[in-house]
Amino acid sequence: MPDKTCNYIVGVDLGGTNVRAAVTDKNAIILGEGHRPSLADEGSEATISQIIEAIHEAIDASGVEPGSICGIGMGVPGRHNSAEGIVLWSPNFKDLGTGVQILAPIRDEFGIPTYMGNDVNVAALGEFRFGAGIGISSMVMMTLGTGIGGAIILDGKLWAGVNEGGGEIGHQIINPNGMQCECGNFGDLEGEARRDSIVERALRKIYQGRRTVLAYKVEPKYYDLTPAMIAQAAAEGDQLSLEVMEETGYYIGIGVANAINFLNPEMVVIGGGIAQAGAVLWDPIMRTVRANAIERSLEVCRVIPAALGDNAGIMGGVVLVLQAIEG
Ligand SMILES: [Zn+2]
């Protein structure tokens with residue numbers, strides 16, 4: 001249990017490429033930051049020592065006395081047993097995700113209470129308390145990127161599931177004959193709308209001989225295509241790209257409508273890099289939501305972009321510690 005008289009908190013966001021740490025006050029105002037490459041392919045020891053380095057850097061940059069820090073809260077990708085401080089499975093961190101102790105070495109290094117949670121769950125807590133969700137009590141979060149993450153907050157509490165598998169909005173099946181997801185399912189939301197599936201959708205149309213400005217941008221290395229390039233071409237009126245964004249937005253919209261119909265939340269927050277595609281993606285999402293969500297539930301639900309951007313994970317780490325302080 002953290003000391004309630006302490007004033008500062010460390011939030012940590014472990015991503016597949018980088019680990020970011022920040023020292024904040026209890027209002028999540030950032031006072032100092034540290035960054036390190038997360039060295040996902042170099043094994044768990046390398047990654048854990050990078051986390052420790054990033055935290056030291058953040059504490060040094062903040063000028064805060066280590067003794068006045070209440071605790072450390074971390075968002076870590078994968079399926080967890082948070083109480084034991086281990087990750088059971090993580091696609092980006094193959095070694096770390098074999099049940100290696102991650103909390104213990106960090107707690108030992110700094111001598112303060114340390115907590116962890118799934119990265120999307122933690123980011124959702126950040127958005128809920130300090131971002132898009134300020135003032136509400138229920139929220140569904142969806143993150144669009146390499147995969148499609150999700151989290152559920154009901155009555156102000158994260159629903160992590162019985163053994164931390166809850167909120168996986170990306171693995172809801174929306175098109176049983178559709179594209180395959182990394183999890184093995186066909187036509188779940190992640191299979192239809194994750195980063196690589198958006199690119200794949202464009203490539204299939206290109207290989208059918210369709211004309212598109214994308215062909216000039218990346219030919220002959222079509223796998224250099226990115227969702228951002230497709231969104232940009234769509235915004236400029238490229239028909240093929242517009243269709244790709246329309247189809248992608250349709251599936252995301254179905255996923256959002258399902259969440260609204262199933263949970264009746266006050267808000268659905270959509271984050272992640274691909275959520276920044278603009279109207280070419282948001283218009284079909286919202287059109288599909290309006291067509292498929294139950295009207296009385298939609299009336300009370302706002303579907304909006306995430307507010308904290310890359311800081312959601314750090315803020316959520318801060319929330320983990322605050323929740324421990326508040327009991
Ligand atoms: Zn899946």
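**Two domains, each with a sheet and helices**

In this predicted model, 13 residues of domain 1 are in contact with 16 residues of domain 2. Contact requires that the C-beta atoms of two residues, placed from the backbone, lie within 7 Å. The side of domain 1 that touches domain 2 draws two or more residues from each of β5 (79–81) and α3. Helix α3 gives the largest share, six residues. By class, this side holds six nonpolar, five polar and two charged residues. Ala, Val, Leu, Ile, Met, Phe, Trp, Tyr, Cys and Pro are counted as nonpolar, Asp, Glu, Lys and Arg as charged, and the others, including Gly, as polar. Domain 1 covers 8–127 + 310–326, and domain 2 covers 134–307. These bounds come from an automatic or database domain assignment. The centres of the two domains, taken over C-alpha atoms, are 27 Å apart.

Residues are numbered from 1 along each chain as its sequence is written. Because the model is predicted, local features need pLDDT of at least 70 and side-chain atom pairs count only at pLDDT 80 or more, while totals for chains, interfaces and linings use all residues. Helices (H or I, at least four residues) and strands (E, at least two) are DSSP runs, numbered from the N terminus. Two strands pair if DSSP finds at least two bridges between them.

One open sheet has five strands in the order β3-β2-β1-β4-β7, with mixed pairing. Its edge strands are β3 and β7 (114–118), and each pairs on one side only. From one strand to the next, the twist averages 15 degrees. Strands β1 (residues 8–14) and β4 (residues 69–76) run parallel and are joined by six bridges. Here I9 has G71 of β4 as its bridge partner. Strands β2 (residues 18–25) and β3 (residues 30–37) are antiparallel and share seven bridges. In this pair, T24 stands opposite I30 of β3.

Strands β2 and β3 form a hairpin, with four residues between them. A28 lies in this loop. Its phi is positive, about 65 degrees, although A28 is not a glycine. A28 counts as buried because it has 22 C-beta neighbours inside 10 Å. The cut-offs are 20 or more other C-beta atoms within 10 Å for buried, 12 or fewer for exposed, and anything in between for partly exposed, with C-beta atoms placed from the backbone.

Two helices lie across this sheet. Helix α1 (residues 44–62) crosses β1, β2, β3 and β4, at about 150 degrees to β3. Helix α11 (residues 312–326) crosses β1, β2, β4 and β7, at about 130 degrees to β4. Axes are lines fitted to C-alpha atoms, for helices over the stretch in contact, and angles run from 0 to 180 degrees between N-to-C directions.

A further open sheet has five strands in the order β10-β9-β8-β11-β12, again with mixed pairing. Strands β10 (157–158) and β12 (302–305) stand at the edges with a single partner each, so one side of each has no neighbour in the sheet. Helix α3 (residues 119–130) packs on this sheet and touches β8, β9, β10 and β11 (267–271). Its direction makes about 50 degrees with that of β9. Strands β8 (residues 139–144) and β9 (residues 148–154) are antiparallel, with six bridges. M141 stands opposite A151 of β9. Helix α8 (residues 239–263) lies across β8, β9, β11 and β12, at about 165 degrees to β8.
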